[in-house]
Amino acid sequence: MMIKDILGNYSIIGTNQNESDETYNGTLSLSLDEKNRIIAKWLINKSQEQFGVGFFKENILVINFNYVGDENNTYFGTVVYKCFTKDILEGFWSEEFGNPQFLGSENCFRIKEQKELLS
């Protein structure tokens, strides 16, 4: 798989870095910058934006991310995705102030472009 194969938009479902079984939903957008680095943008539960920069090698995608929390603090973390196909990514993540006994998880499924039907 090549880096361009994983670019696009994904629907995500994940779990947080704690002992809860609660899940979150959202979207992930992957693009490239002028230096061929992965640029990631998440929208979690329709409200929280997260941003990251990463790299891709041998079907592994690693992204360092950050976001501003409810109390206006910026949090940093890393997510690692195994790219099973260009449409399915499975990952785990950790952030600096998360519970170190747990890892968060995230599964990503490509959002397919809908072709307009001709009448």
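How much space lies in the largest pocket? About 330 Å³. Keep in mind as you click around that this is a predicted model.

**Stop one: the pocket**

Select Asn 16, Tyr 24, Gln 48, Gln 50 and Trp 93: of the 18 residues lining the largest pocket, these are the closest to its centre. Next, colour the strands. S3, S4 (48-57), S5, S6 and S7 are the elements that each give two or more residues to the lining. If you colour the lining by residue type, you'll get eight nonpolar residues, eight polar and two charged.

**Stop two: the core**

Now pick Ile 6, Leu 28, Leu 30, Trp 42, Leu 61, Ile 63 and Tyr 81. The largest nonpolar core has 23 residues, and these are the ones that touch the most other members. Which elements give two or more residues to this core? They are strands S1 (8-15), S2 (23-32), S3 (38-44), S5 (60-68), S6 (74-85) and S7 (88-95).

**Stop three: a salt bridge between Glu 49 and Lys 41**

Time for some charges. Side chains of opposite charge can pair when their charged atoms come close. The structure holds six salt bridges. For one of them, show the side chains of Glu 49 and Lys 41, which meet with N to O at 3.3 Å. Are these two buried or exposed? Neither: Glu 49 is partly exposed, at 39% relative accessible area, and Lys 41 is partly exposed too, at 38%.

**Stop four: the network around Asp 87**

Select Lys 86, Asp 87, Arg 110 and Lys 112 together, and you have a network of linked salt bridges. Start with Asp 87 and Arg 110, whose side chains meet in a salt bridge of 2.7 Å, N to O. Asp 87 lies in the loop between S6 and S7 while Arg 110 is in strand S8 (residues 104-110), so this pair ties together parts that are 23 residues apart in sequence. Turn on the surface here: Asp 87 is buried, with a relative accessible area of 18%, and Arg 110 is buried as well, at 19%. Both count as buried because the cut-off is under 20% relative accessible area.

Then swing over to Lys 112. Its salt bridge with Asp 87 has the closest N and O atoms 3.1 Å apart. This pair also links distant parts of the chain, with Lys 112 sitting in the segment after S8, 25 residues from Asp 87. On the surface view, Lys 112 is exposed, with a relative accessible area of 54%, whereas its partner Asp 87 is buried.

Conventions:
Residues numbered from 1 in each chain as written. Predicted model: local features only at pLDDT ≥ 70, side-chain atom pairs only at ≥ 80, totals over all residues. Heavy atoms only, no water. Core = buried A, V, L, I, M, F, W, Y, C linked by side-chain atoms within 4.5 Å. Buried < 20%, exposed > 50% of the residue type's maximum accessible area, 1.4 Å probe, protein only. Helix = DSSP H or I, 4+ residues; strand = E, 2+ residues; numbered from the N terminus. 1 Å grid on protein atoms, 1.4 Å probe; cavity = no way out; pocket = protein on both sides within 12 Å on 5 of 7 lines; lining within 4 Å. Points joined across faces, edges and corners; volume = space filled by probe spheres on them. Nonpolar A, V, L, I, M, F, W, Y, C, P; charged D, E, K, R; others polar. Salt bridge = Lys/Arg side-chain N within 4 Å of Asp/Glu carboxyl O.
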